[in-house]
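Visitor: I have not looked at a structure of this kind before, and I would like to learn how to read it step by step. Could you show me the model and take me through its features in turn?

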Amino acid sequence: MKSYEKAIEKLILISAIVTTVSVALITVFIFKTGMPILLQYGVMDFITGTDWSPTNEIFGIMPLIIGTLAVTLGALIIGVPTGIACAVYLSEIASKKTAGPFKAAIELLAGIPSVVYGFFGLIVLVPAIRNYILPIFQKFNPELNTSGFSILAGAVILAIMILPTIVSLSENAITAVPHEFREASLALGANKRETIMKVIVPAAKSGIFSSVILAMGRAIGETMAVLLITGNVAQMPGSILDPVATLTGTIAMEMSYAGPTHQQALFAIGIILFIIIMLLNILAQAVMKKMGGVNG
Amino acid sequence: MNKKTKNAVFYGIIGLLSALALISLIMIVGFILIKGLPGITPEFLTQSPSKMGKEGGILPIIIGTLYVTLVALVIATPIGVAAAIYFNEYSRDTRGVRMIRFFTEVLAGIPSIIFGLFGFAFFVVFLGLGWSVLSGGLTLTIMILPTLIRATEESLKTVPMSYREGSLSLGATKWQTIIKVTLPCCKSGVLTGLILGMGRAIGETAAVMLTIGGSMRMAESLLDPTRTMALHLYMIASEGVSEEKTYATAALLIIIVLIINTIANQISRSMIKLS
């Protein structure tokens, strides 16, 4: 009986280690495949090179980094205020009756596959930018032109996609603010708006901040949606109506036809992406801990 | 600005932005359902595609999705549940355990395209499984593990200590207690994890794209290449094959997600009632 129990305990321990082993394997295989070209080409040249033309074996990923950053930044500019507003509404303003369905709707947003968002962007947003947004921009700069595949399209769709992350984590942080804070503020004569703006949101700031970092990680790592709507042109963009290629989109698109060296270069992009995401995750966790997040 | 206008502006902005979030959801879901539902006919669900997906249905693709998801769930469930049992029932708060936990979190944060690259390098090439149901399923297994572990662990935590103590004091061993008392109490938590994992597996595209090949023919073995609905949607959308079929595929995916969300909500609601 005793040895049977021991054997089972071993088995369970092994199962628990599977995730750790997976992370190790993923790291090893991505690095093993991508590292040779990274070293041979030069890490700095690879990252700062402004020309990505794999057919000529020129691998500079600066345009891809700029593309990813532009789309992510745009998504954050739109998504963060919206997400925080939703979180404040859900936790401080909405009645229980409206909060329930609203929350369910936000959860549903998280469940929709990214390729569906991409398809929606492709069929609705891209033409809308071409037909309605472009004329507005042209009033200021008549030379501007766009196919609709653009930073703007990617930013809008990504903003919707990162909403659930921001809303649910920020809401947790806001809900976790002790009730005494609210009562003390109200007792001092502050109204509800002042209490929210000056007491509750500042008290929940570490949770909100880490939700933004995680959302940023999600936006950087997102593939299918940006692949369908950003145009995948590896060039330095001149305006938000220009097409860009992102790190993820380039990997997904070019893996299907890449030759051996090109494939290695795509794995090298994977290494860069992997490192960026790791740093963001560690940062988010550190913020939670260090700032003594109320829910951290 | 006096207090009154400040308040009006504040509540106005909050309301507007919240409405914006809601409207974008309704627009996306509504638009795709309205455009896609007419295309979901019995033929669409039961026939094979012809002319590169331009005509016919998507039966082999539905089957392919089922196979890949099933492989992922069958492998991930025992591992995920066991891992959760380890974290909640066996482990102490040592440095080693904290490290394992940390890596589980890390795994949850890795972007799907990285899983795709890994699946390609490891399962497809290194293990020689080729572009296949198995390669895709195994890649998804790793992806959904954190979801499963988290859901199971959350529900294990809700089982009162007194249940375990009662069982142990009756002479049951630790393992007997887990199997006969603790786990049965959190069936619904495990189920929620399973359903969420399933949703993730069905909707995943980037990881699957680099590991299952993308063939539209009916997969006959685990080593055959196949195509999932999400991947199919990407392919016909980017190739602009047929608007009707693309909308129908997207609508089908949304319906599946709606069903999965409803079930998961229902289960967690009944769980709250119980506790």
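Visitor: How many helices and strands does chain A have, and in what pattern do they follow along the sequence?

Guide: In this predicted model, chain A has twelve helices and two strands, and read along the sequence they follow the pattern α-α-β-β-α-α-α-α-α-α-α-α-α-α. The C-alpha trace of chain A spans about 80 × 70 × 30 Å along its principal axes.

Visitor: What are the elements of chain B, read from the N terminus on?

Guide: Chain B has twelve helices and two strands, and from the N terminus on its elements run α-α-β-β-α-α-α-α-α-α-α-α-α-α. Along its principal axes, the C-alpha trace of chain B spans about 70 × 65 × 35 Å.

Visitor: Before I look at details, what confidence does the predictor give?

Guide: A general caution comes first: where pLDDT is low, the predicted coordinates should not be read in detail. Chain B averages a pLDDT of 91, with 99% of its residues scoring at least 70. Within chain B, confidence is lowest in strand β2 (residues 55-56), at a mean of 84, and highest in α5(B), at 96. For the complex, the predictor gives an ipTM of 0.92 and a pTM of 0.92.

Visitor: How do I read the length of a helix, and where does α1(A) bend?

Guide: The idea is to set the distance between the end C-alpha atoms beside the span expected at 1.5 Å a residue. Helix α1(A) has 40 residues and reaches 58 Å from its first C-alpha to its last, close to the 58 Å expected. This helix nevertheless bends by about 40° at G34(A), and a proline, P36(A), follows within four residues. After α1(A) comes G42(A), whose phi is positive, near 95°.

Visitor: Where does the kink lie in α3(B)?

Guide: In α3(B), residues 59-90, a kink of about 35° lies at A76(B), shortly before the proline P78(B). The 32 residues of α3(B) should span 46 Å at 1.5 Å a residue, and its end C-alpha atoms are 45 Å apart, which agrees.

Visitor: Now for the two chains together: how many residues does the contact take from each chain?

Guide: The contact takes 62 residues from chain A and 62 residues from chain B. On the side of chain A that touches chain B, the largest share, 19 residues, comes from α1(A). By class, that side of chain A has 43 nonpolar, 15 polar and four charged residues.

Visitor: At what angle do α1(A) and α5(B) pack, and which residues make their contact?

Guide: It helps to recall that an α-helix has 3.6 residues a turn, so residues three or four places apart point the same way. Helix α1(A), residues 2-41, and helix α5(B), residues 112-126, pack at an angle of about 75° with their axes 9 Å apart, and they are therefore roughly perpendicular to each other. The contact is made by L25(A), I26(A), F29(A), I30(A) and T33(A) on α1(A), and by I114(B), L117(B), F118(B), A121(B) and F122(B) on α5(B). These residues divide into nine nonpolar, one polar and no charged.

Visitor: How do the axes of α5(A) and α1(B) cross?

Guide: The axes of α5(A), residues 114-140, and α1(B), residues 3-36, come within 11 Å and cross at roughly 80°, so α5(A) and α1(B) are roughly perpendicular to each other. Here V116(A), F120(A) and V124(A) of α5(A) make the contact with I28(B), F31(B) and I32(B) of α1(B). The residues of this contact divide into six nonpolar, no polar and no charged.

Notes: Residues numbered from 1 in each chain as written. Chains lettered and ligands numbered in written order. Predicted model: local features only at pLDDT ≥ 70, side-chain atom pairs only at ≥ 80, totals over all residues. Axes fitted to C-alpha atoms, helices over the stretch in contact; angles between N-to-C directions. Parallel < 35°, antiparallel > 145°, perpendicular 65-115°, else oblique. Contact = placed C-beta atoms within 7 Å. Nonpolar A, V, L, I, M, F, W, Y, C, P; charged D, E, K, R; others polar. Expected span 1.5 Å × (residues − 1). Bend = angle between axes of the 7 residues up to and from the residue. pLDDT = per-residue confidence, 0-100.
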